[in-house]
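Hi,

Here is the structure I said I would pass on to you. Have a look at it first, and then read on for what turned up in it.

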Amino acid sequence: MTSILKNLRDHLPWLQSPAVRRSNAHLRPAWSAVPAAPSGVKEYVRTEAAGDLITAGLLPRRRRMGAADIAERIPLAATPHEIADPAAIRETLQTLYDRGEPITIYADGTGTPRLARIHAMDATEAVFTLRLDGESALPEGPCTFVTRLDSARFQFELSAGWTPLPGHATLVPAPFPQSCLVLNRRASRRLETPVAGNYTASFVMFGTPYEMLLYDVAAGGIGMRCAPRDAPGLHIGRRLQRVRLELNDTVVICDLEVRLSRRFRSFLLGEQVQIGCRFVGLSEQMQTLVDRAITKMAQGRR
């Protein structure tokens, strides 16, 4: 394409005339640069975790956060493992930025959690910038940060003055934590769906009907699988409404949120996508039906 344009310019000199250049400049869209984040943040870094690329200095689009995004702190009775490797901590924070995962902040002495996202990652220094949800500032002192990452809970502690960047009340720089806690287990045990039986999820997204096979079922959510071409738009954070789950002889109507999306290769089916979802606002009646179906599945394995 470049060579064609060059040949046109060579044979049609009027394309380089001042009038044509002024006209092109007028038609070209005006781009407004995103203000560079101070505090040593030199560029935005995008990795393969998001599945696409981002131009340095341009922020990815994020969905609005809500009460359903609040993550509870890891219980004291739990047995999480600790991460202290700086490279592993940077990689995890980078993944949180790439995916736009909400982070819950518990300020010491206050019972109301705050939501935030990682706004920027420093390319060289151990510094990241938070974008707070809401205008109120964080109180000075220690804070606990909790987020969900796939099936794990990720938690770390930081203590600072939490001074926002000049002119940006919601942007707060923070150092990398020295260590993090990871509770890498599911809230409830999942059972793989048996080969015999009808286990499917049916829903409508953007006016298009979908029907997918269930991979596993748990009290807190389900896993689906399909070919990559059949999973457009099913990215992490997507909400699915009025999903019809057929658990053999049980039918459950529910809302789901996509929490995991990964590709794998099946010997029989080729490349597949596993989509993990959690129930959102499941009624007590529907929860009873799910628990009953899981009990039947477990009994069938004996």
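**The nonpolar core**

The largest nonpolar core has 33 residues, and those that touch the most other members are Phe203, Leu214, Ile222, Met224, Leu245, Val252 and Ile275. Before you go further, bear in mind that this is a predicted model.

Which elements feed that core? Two or more residues each come from β10 (199-205), β11 (208-218), β12 (221-226), β13 (239-247), β14, β15 and α4 (284-300). The largest share is from α4, with six residues.

**Salt bridges**

How many salt bridges are there? The count comes to six, and here are some of them.

Let's start with glutamate 101 and arginine 259, which form a salt bridge with their closest N and O atoms 3.4 Å apart. Glutamate 101 sits in the loop between α3 (86-99) and β2 (103-107), while arginine 259 is in strand β14 (residues 250-266), so this pair ties together parts that are 158 residues apart in sequence. Are the two partners buried or exposed? Glutamate 101 is buried, at 4% relative accessible area, and arginine 259 counts as buried too, at 9%.

Next comes arginine 278, which has a salt bridge to glutamate 257 with 2.8 Å between the closest N and O atoms. Here arginine 278 belongs to strand β15 (residues 270-280) and glutamate 257 to strand β14, so the pair ties together parts that are 21 residues apart in sequence. Glutamate 257 has a relative accessibility of 0%, so it counts as buried.

These two pairs also belong to something wider: a network of salt bridges links Glu101, Arg239, Glu257, Arg259 and Arg278.

Then there is the salt bridge between the side chains of glutamate 246 and arginine 244, at 3.3 Å from N to O. Glutamate 246 counts as buried, with 18% relative accessibility, whereas arginine 244 is partly exposed at 36%. Why do those two values fall into separate classes? Because buried means under 20% relative accessible area and exposed means over 50%, with partly exposed in between.

**The cavity**

Now for the empty space. The model has one cavity of 30 Å³ or more, and the space in this largest cavity is about 40 Å³.

What lines the largest cavity? The lining is made up of Asp69, Ala71, Glu101, Pro102, Thr147, Arg148 and Arg259. Sorted by class, that gives two nonpolar, one polar and four charged residues. You will recognise Glu101 and Arg259 in that lining, as they are the salt-bridge pair described above.

**More on arginine 259, and a histidine**

Since arginine 259 keeps coming up, a little more about this residue. The contact between the side chains of arginine 259 and glutamate 101 also counts as a polar contact, at 3.4 Å. Glycine 221 is 38 residues away from arginine 259 along the chain, and the C-alpha atoms of these two are separated by 9.8 Å.

One last residue to look up is histidine 119, in strand β3 (residues 114-121). Histidine 119 is buried, with 7% relative accessible area. What does its side chain meet? The side chain of histidine 119 makes a polar contact of 3.2 Å with the side chain of arginine 131.

If you want somewhere to begin on screen, try Glu101 and Arg259: they share a salt bridge, belong to the network and help line the largest cavity.

Cheers

Key. Residues numbered from 1 in each chain as written. Predicted model: local features only at pLDDT ≥ 70, side-chain atom pairs only at ≥ 80, totals over all residues. Heavy atoms only, no water. Salt bridge = Lys/Arg side-chain N within 4 Å of Asp/Glu carboxyl O. Helix = DSSP H or I, 4+ residues; strand = E, 2+ residues; numbered from the N terminus. Buried < 20%, exposed > 50% of the residue type's maximum accessible area, 1.4 Å probe, protein only. Polar contact = N/O pair within 3.5 Å; in protein donor to acceptor, adjacent residues only side chain to side chain. 1 Å grid on protein atoms, 1.4 Å probe; cavity = no way out; pocket = protein on both sides within 12 Å on 5 of 7 lines; lining within 4 Å. Points joined across faces, edges and corners; volume = space filled by probe spheres on them. Nonpolar A, V, L, I, M, F, W, Y, C, P; charged D, E, K, R; others polar. Core = buried A, V, L, I, M, F, W, Y, C linked by side-chain atoms within 4.5 Å.
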